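Let's take a walk through this structure together, one region at a time. Please keep the sequence and the 3D view at hand as you read.

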Amino acid sequence: MSENDNQQRCKYCHEPFLDFSGRTDYEVDLEDTAYCGTDDEGNLEFGASFDSGCVSKSEAVNINYCPMCGRKLVEADNEARR
């Protein structure tokens, strides 16, 4: 299934990977607040900031769809697991 226009432009599961409050990782770091968002590998990450303090990859929660636009994440990896 191909991505619709909204999914192709989603800034939560594509660059700049905004956190779910709509802030960039830079803004999260400046505000010294918690980060919660996705990466490009289908992991839901959360912690002190995007670059520092997030849980390690082995502890991140894997998700199949972007919670903001519904785009299927890491399609190739999910297909390989079947």
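What follows goes from a pair of rings to a loop, then to a sheet and the cysteines.

Please keep in mind that this is a predicted model. A good place to begin is with the aromatic side chains, where the count comes to one pair. The partners are Y12 and F20, whose ring centres lie 6.4 Å apart. That separation makes them a pair because the cut-off for the centres is within 6.5 Å. Their planes meet at 40°, so the pair is described as tilted. A tilted pair is one that is neither stacked, with planes under 30 degrees apart, nor edge-to-face, with planes over 60 degrees apart. How accessible are the two partners, Y12 and F20? Y12 is buried, at a relative accessible area of 18%, whereas F20 is partly exposed, with 27%.

Next, let's turn to R23, which sits in the loop linking α1 (5-8) and α2 (25-31). Is R23 buried or exposed? With a relative accessible area of 17%, R23 is buried, because the cut-off for that label is under 20%. Its side chain has polar company there: one contact, of 2.8 Å, goes to the side chain of D19. Another polar contact, of 2.5 Å, connects the side chain of R23 with that of S21.

Now for the strands. The model has an open sheet of three strands, arranged in the order β1-β2-β3 and paired antiparallel. Which strands stand at the edges? They are β1 (35-38) and β3 (61-62), and each has a single partner strand, so one side of each lacks a neighbour in the sheet. If you look at β1 and β2 (residues 43-47), you will find that four bridges join these antiparallel strands. To find your bearings in the sheet, look for G37, which stands opposite E45 in β2.

Finally, let's look at the cysteines. How many disulfides does the count come to? It comes to zero. C66 shows why a bond is missing there: the closest cysteine sulfur to its own is that of C69, at 3.8 Å, which is too far for a bond. A disulfide would need the two sulfur atoms within 2.5 Å, so the C66 and C69 pair at 3.8 Å does not qualify. C66 is itself buried, with a relative accessible area of 3%. Another cysteine, C36, has a relative accessibility of 30% and counts as partly exposed.

Key: Residues are numbered from 1 along each chain as its sequence is written. This is a predicted model: local features need pLDDT of at least 70, side-chain atom pairs count only at pLDDT 80 or more; totals for chains, interfaces and linings use all residues. Side-chain values use heavy atoms; hydrogens and water are left out. Rings of Phe, Tyr and Trp (its six-membered ring) pair if their centres lie within 6.5 Å; planes under 30 degrees apart count as stacked, over 60 as edge-to-face and the rest as tilted. Buried means under 20% relative accessible area, exposed over 50%, partly exposed in between (1.4 Å probe, protein chains only). Helices (H or I, at least four residues) and strands (E, at least two) are DSSP runs, numbered from the N terminus. A polar contact is a pair of N or O atoms within 3.5 Å; within protein, one must be able to donate a hydrogen and the other to accept it, and residues adjacent in sequence count only if both atoms are side-chain atoms. Two strands pair if DSSP finds at least two bridges between them.
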